[in-house]
Amino acid sequence: MEHQTIYLDHAATTPVEPQVVEAMLPYFSGTYGNASGMHAQARASAAAIDSARRQVAEVLGCLPKEVVFTACGTESDNIAIRGAAWAQQQAGKGNHIITTPIEHHAVGHTINQLCERFGFTQTVVPVDETGQVNPDDIAAAIRPETVLISVMYANNEVGTIQPVAEIGALARARGILFHTDAVQAAGYLPLDVNALNVDFLAISGHKIYAPKGIGILYVRQNSPLLPPYTGGGHEGKRRPGTENVPYIVGIAKAMELLVEKRAAENARQTALRDRLISGVLANIPGSRLSGHPTQRLPNNASFLFAGCEADPILMHLDLAGIQAASGSACSTGMPEPSHVLSAMGVPHTLGLSALRLSLGRQTTQAQIDTVLKVLPGIIEKVRSLNPAFESPV
Ligand code: PLP
C-alpha cells in the first residue's frame, strides 16, 4: 500500500523514522524500569531519560532542566498557557493575554476557556491576507495587565511563518511571558530558544517522525508556572506521571535526526513545493495559493479552488492514491471554513475549497508530477458538478 499511494499529509502526521523505532525498541521489554526507583532497571530508565533530555536541550540551546516531556503538542500548549496565566494571576500581575486568530485550537480554545471561566481577557491581534501578524500590532495591544503573549511559530493550515523572534524581543523588553506553538515549525525552522526569545515552546513528536503520544515543552528557567496537573515530582513537577521512556528516547532521537537532515531536506522539499505550487497555479484556472508566498514552511502547499468544495476533491484524490487534507486535519468534518482562512479574509464559499498538500521526507519529484497530472482533471470534474460555477477561462 505504501508503494502505491502518495502521502501528502505530513502536516497532519508523519511516519515514524526507522532509526527512531530502533532507538525505542530496547525500552519496551528490555529496559522497562520505572525511572523513579532505586534498582538497576530503574536507574537504566532514568539514565535513558537523562540522556534524551540532554539531547533535546542541545537542539533547543537550553539547559536540560528546561526540557519537559509531555504527551503531545496539545498538552505542551496547555501546560504552558494555563500554567503561566494562572501563576501570573495568582501573583497579582494581571489577567490579559495577547494572541492571534490563526492559532491551533490547542492554544485558541485554551485561551478562550481561560477567558470564559477563569477571569482572563484577551486581545486577538488580526493577521494580514497572508496569515502573518505584525509585531507592531502586538506591541500596540500590550496593556499594564498583560501577562502572556502566545503566537505560533508557523501555521498548520497555510504554513505561514510568524516573526516570533521579534515578538519575543518585545515581550521580553516589557517583562511579559511569551509562548510559541512550534508544533509545525519544529521540523523545518531553527529552534534555538534564546535566538527566538521564547519562555515556552511546544513541540509534538508525531509531526517530526517520532510516534504519536509524546511531546516536548521548553520552559525557561524561573518562568512563573502553576502546573495544571499535580502528582509526583516527575519532570520537575511540571508534568507529573510515570515517564514514557521509549517515547522519550524516540522523540530525542527524532530531534537529533532533524538537525542532521534539516538543511538538505529543507532545500529538497522547498524545490518540490515550488514545483507543485507553480504547476498548480499555471495549469488550473481559478486556483489560488493560500498563505505567504515566501515566508512559508518548506513542505506546505495550500490552495483555494473557486467553484469547488474540498471534500469531493479529497475523495477523487484518494481514489487516485493521493492522500491530502482540507485545511487542517483537526477541523475536518466541520461545515464551516477554517478559522485560519476566515481570519485571512478568505470569503466563506472560497474557504470551503481549501486543499492542503504537505510534503515530507519520502516525497519524490515523480509523486509531485503525478499530482500535477491528476489534479487539473479532478478540479474540472468537481466544478462540472457545481451548476453555480462559471469557468474563469
Ligand atoms: N499545534 C499545531 C500547530 C498543530 O498543527 C497541532 C496538530 O495538528 C497541535 C498543536 C496539536 O499537536 P498534538 O496532535 O501532538 O496534540
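A polar contact is a pair of N or O atoms within 3.5 Å. The model used in these exercises is predicted.

**Exercise 1. Ligand contacts**

Find what polar atoms of Q184, T74 and G73 lie by the ligand, and how much of the ligand the protein covers.

*Solution.*
- Step 1: Start with Q184. An N or O atom in its side chain is 2.8 Å from an oxygen atom of the ligand. The cut-off is 3.5 Å, so the pair counts as a polar contact.
- Step 2: Go to T74. Here a polar side-chain atom sits 2.6 Å from a ligand oxygen.
- Step 3: Take G73. Its backbone supplies the polar atom, 2.8 Å from an oxygen atom of the ligand.
- Step 4: Check the cover. On its own the ligand has 390 Å² of accessible area, and the protein covers 91% of that.

**Exercise 2. The shell**

Describe the residues around the ligand: how many are there, and which element gives the largest share?

*Solution.*
- Step 1: Count 14 residues; G73, T74, D181, S204 and K207 come nearest.
- Step 2: Sort them into seven polar, four nonpolar and three charged.
- Step 3: Helix α3 (residues 73-90) gives the largest share, three residues.

**Exercise 3. The sheet**

Work out the strand order, then place α3.

*Solution.*
- Step 1: Read the open sheet of seven strands as β2-β8-β7-β6-β5-β3-β4, with mixed pairing.
- Step 2: Mark the edges. β2 (67-70) and β4 (121-124) each pair on one side only.
- Step 3: Note the twist, which averages 20° from one strand to the next.
- Step 4: Inspect β2 with β8 (residues 215-219). They pair antiparallel over four bridges. V67 stands opposite Y218 in β8.
- Step 5: Add α3. This helix lies across several strands, including β2, β7 (200-204) and β8, and runs at about 160° to β7.

Terms used: Residues numbered from 1 in each chain as written. Predicted model: local features only at pLDDT ≥ 70, side-chain atom pairs only at ≥ 80, totals over all residues. Heavy atoms only, no water. Near = heavy atom within 4 Å. Polar contact = N/O pair within 3.5 Å; in protein donor to acceptor, adjacent residues only side chain to side chain. Areas by Shrake-Rupley, 256 points an atom, 1.4 Å probe, with all protein chains shown as cover. Helix = DSSP H or I, 4+ residues; strand = E, 2+ residues; numbered from the N terminus. Nonpolar A, V, L, I, M, F, W, Y, C, P; charged D, E, K, R; others polar. Pairing = 2+ DSSP bridges. Axes fitted to C-alpha atoms, helices over the stretch in contact; angles between N-to-C directions. Contact = heavy atoms within 4.5 Å.
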